[in-house]
Structure formats: structure tokens, C-alpha cells
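Here is a short note for a colleague opening this structure for the first time. Please read the points with the model on screen.

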Amino acid sequence: MSERKVLNKYYPPDFDPSKIPRMKLAKNRQYTVRLMAPFNMRCATCGEYIYKGKKFNARKEDVENEDYLGIRIYRFYIKCTRCLQEISFKTDPKNTDYEIEAGATRNFMALKLAEEQAKREEEEQKEEEANNPMKLLEYRTEQSRQEIELLESLEELKELNRRQRTVDYEGMLKQYQPETTEQRKAREEQEDDEFIRSVKFTNTKPKVVAEEIIEDVEEPAAKHIKIEDPPPKPQGKTESWNRSIGVITKKNPLANLVRSKKADASEANSTALSSEKVPESKPSGLSLLADYSGSDSDT
């Protein structure tokens with residue numbers, strides 16, 4: 001398969017380039033090139049402005065019998081975009097620029113004219129100094145005088161800087177600047193303190209301020225005492241009693257209903273005296289039950 005882009009062509013062994021017929025072209029042949037306008041110009045026929053950078057299909061040719069230090073000079077032909085008037089300009093290798101020839105006028109370029117004028121003045125001055133020695137002496141004296149003036153002005157600036165170092169610019173600015181909120185608060189607090197100090201209080205006694213110091217004392221760890229549970233009581237009789245009658249709660253109103261038989265002698269006498277005064281009451285059901293429980297426990 002052949003290459004898509006043929007870069008290397010086949011030359012047969014008997015190829016002779018001298019046998020190739022050559023075309024006879026004109027000596028000053030014109031070529032069509034694509035270029036941009038090298039400067040701003042205005043058409044001389046219709047007044048159309050052509051700005052720098054506008055693209056044209058131009059014709060290029062060599063300028064006959066003109067060169068600069070062996071460098072060729074080329075001429076270009078373009079057409080106005082409005083009236084199709086032909087405009088021609090050529091290269092200027094001496095000034096590294098282009099020169100307009102016909103069909104248009106170049107717009108005013110202040111910077112270029114100023115550079116050209118400065119260059120001409122410099123050349124004229126050098127030529128005059130070379131031909132006139134008195135002019136050269138005047139120029140040198142003028143230069144020395146300017147140098148002395150520059151040194152004097154430099155000394156004045158240094159002296160002014162030394163004086164300005166001693167000036168407190170921040171203090172000067174603070175005098176004319178209004179005080180800030182923090183400064184105002186500090187000033188008000190200071191005025192209040194001065195007013196309080198100026199007031200004299202009567203019957204003033206020196207106060208003694210007692211300072212209480214509280215110290216944290218670590219308490220000793222409490223000892224854990226093992227409490228043993230009492231041995232369980234026999235629940236034979238109490239269970240039979242609870243089944244038959246029920247549980248009697250120990251409250252203050254019913255505490256005197258159940259009494260032990262073995263009472264003290266003093267307690268018996270007091271009860272006998274009280275029984276003589278108070279008529280005998282009939283025994284209640286609860287008292288009978290209590291007597292029954294006591295008799296049962298004796299047996």
C-alpha cells in the first residue's frame with residue numbers, strides 16, 4: 001500500500017535532471033502574495049481609510065536598479081476596498097520601514113516624526129562639533145554646569161531628608177484627626193476616675209477586708225462494714241395465724257390491744273384502781289382473739 005503523503009519519489013537509475021526542459025519566465029516577474037497593510041493610509045481617490053493590519057491579495061515585484069547594501073527592495077500593489085484604485089508602496093530597509101509611492105497618503109504618525117527629528121538634530125550636533133572646536137568647548141562647559149546643578153540639587157534633597165527625619169508625622173496627623181472610639185472610651189474612664197478621687201467622703205473609716213481561704217480537704221474513704229442479716233424466725237405459727245385471721249398491722253391505736261400476761265406489779269395496781277372508777281366494759285372480739293393467741297403460745 002502506497003503512502004498517503006508521498007514524500008519520497010521514485011527516481012529511475014537513468015534519471016538526468018539536465019534533460020528536464022525549463023520554462024522561460026520573465027526577468028521581473030510579479031508574484032501574488034497575501035499581506036497586511038504595514039501602516040495606516042487613506043485612499044487619494046475616494047478618501048477611504050485603510051488601517052494597519054488589513055489583509056490584501058497583493059502583487060509583489062523586485063525594484064530594478066535599487067538596493068541597499070546588497071539588500072533587495074520589493075514593491076507591492078494593492079487595491080482600495082471601496083473604489084479599487086491601485087495603491088503601491090515599497091520596502092525601506094534603511095529605516096526598517098515601508099515607503100508609500102502612489103494611490104494613497106500615509107496618515108500622520110507623531111511618534112515616528114519625533115524620532116526622526118531627534119535623530120536629525122543629533123546628527124547635526126555631531127557634525128557641528130566635529131567642524132567647530134569652539135562649539136565643542138561650549139557644549140562641554142554646558143554639560144559640566146548641568147552636572148554641578150544636579151549635584152547641588154541632590155545635596156539639597158539629602159539635607160531635606162535629614163530635616164524630615166526629626167519631624168513626627170504621626171503626631172502631627174493625630175492633632176488634626178478626630179479621636180477614635182477606643183480613645184474616647186479611655187478618656188471618659190480617666191475623667192470618671194479623676195472625679196471619684198476628687199470627691200471627699202465624710203465619716204470614712206478604713207475597711208478591713210477579710211480574705212477567706214477555702215482549702216479542699218480530702219476526706220478519708222469510709223470503711224465498708226459488712227452487715228449480716230439476722231437468722232430467719234420460725235414462721236410456722238405466724239403462717240397459721242395469717243391464714244386463719246389475717247395480718248395485724250402495728251399501729252398506735254391497736255398497740256394496747258395485745259398485752260403480755262406477765263406485767264409488772266405497779267402496772268397491775270394502776271389498772272385495778274382505774275377499773276374501780278370506770279365501769280367494766282364488755283370484752284371485744286379483738287381482745288378475745290388476743291387472749292386466744294396468748295393461751296395458744298403458752299401451750
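1. Start with strands β5 and β6. In this predicted model, β5 covers residues 71-79 and β6 covers residues 86-92. The two run antiparallel and are joined by five bridges. To find the register, look at R75: its bridge partner in β6 is K90.

2. Next, go from β5 to β4. Six bridges join β4 to β5, again in the antiparallel sense. R59 can serve as a marker here, with Y77 as its bridge partner in β5. The two strands form a hairpin, and two residues lie between them. Strand β4 itself spans residues 55-68.

3. On to the pairing of β4 with β1. These strands run antiparallel too, and six bridges join them. M36 stands opposite K55 of β4.

4. Now put the sheet together. Which order do its strands take? The order is β1-β4-β5-β6-β7, five strands in an open sheet with antiparallel pairing. The edge strands are β1, residues 31-36, and β7, residues 97-102. Each of these edge strands pairs on one side only. On average, neighbouring strands of this sheet are turned by 40° against each other, with direction ignored.

5. One residue of β4 deserves a closer look: E61. Is E61 buried or exposed? Its relative accessibility is 8%, so E61 counts as buried; the cut-off for buried is under 20%. The E61 side chain makes a polar contact with the side chain of Y77, at 2.7 Å. Setting aside neighbours within four places in sequence, E61 is in contact with N28, R29 and Q30, and also with I73, Y74, R75 and Y77. Y77 is also the bridge partner of R59.

6. Check two backbone angles. Most residues other than glycine have a negative phi. N65, a residue of strand β4, has a positive phi near 60°. L69 is not a glycine either, and its phi is positive at about 55°. L69 sits in the loop between β4 and β5, in the turn of the hairpin.

7. Are these two residues buried or exposed? N65 has a relative accessible area of 81%, so N65 is exposed. L69 reaches 73% relative accessibility and therefore counts as exposed as well. The cut-off for exposed is over 50%.

8. There is another sheet to trace. Three strands form an open sheet in the order β3-β2-β8, with antiparallel pairing. Strands β3 (49-50) and β8 (104-106) stand at the edges; each has a single partner strand, so one side of each is left without a neighbour in the sheet. Strand β2, residues 41-43, pairs with β8 over three bridges in the antiparallel sense. Within that pairing, R42 has T105 of β8 as its bridge partner.

9. Then turn to a pocket. Rolling a probe the size of a water molecule over the atoms shows where empty space is left. The second largest pocket has a volume of about 320 Å³. Which residues line the second largest pocket? The lining consists of K94, N95, T96, D97, K112, E115, E116, K119, R120 and E123. Helix α1, residues 110-131, supplies the largest share of this lining, with six residues.

10. K112 is one of the lining residues, and K112 lies in helix α1. Its relative accessibility is 24%, so K112 counts as partly exposed. Not counting residues up to four places away in sequence, K112 touches D97 and R106. D97 also lines the second largest pocket.

11. Finally, the chain as a whole. How many helices and strands does the chain have? Its secondary structure comes to seven helices and eight strands. The chain has 299 residues, of which 10% count as buried; E61 is one of the residues that count as buried. Among contacts in the chain with a separation of 6 or more, 39% are between residues 24 or more positions apart.

How values were computed. Residues numbered from 1 in each chain as written. Predicted model: local features only at pLDDT ≥ 70, side-chain atom pairs only at ≥ 80, totals over all residues. Heavy atoms only, no water. Helix = DSSP H or I, 4+ residues; strand = E, 2+ residues; numbered from the N terminus. Buried < 20%, exposed > 50% of the residue type's maximum accessible area, 1.4 Å probe, protein only. Polar contact = N/O pair within 3.5 Å; in protein donor to acceptor, adjacent residues only side chain to side chain. Contact = heavy atoms within 4.5 Å. Pairing = 2+ DSSP bridges. Axes fitted to C-alpha atoms, helices over the stretch in contact; angles between N-to-C directions. 1 Å grid on protein atoms, 1.4 Å probe; cavity = no way out; pocket = protein on both sides within 12 Å on 5 of 7 lines; lining within 4 Å. Points joined across faces, edges and corners; volume = space filled by probe spheres on them.
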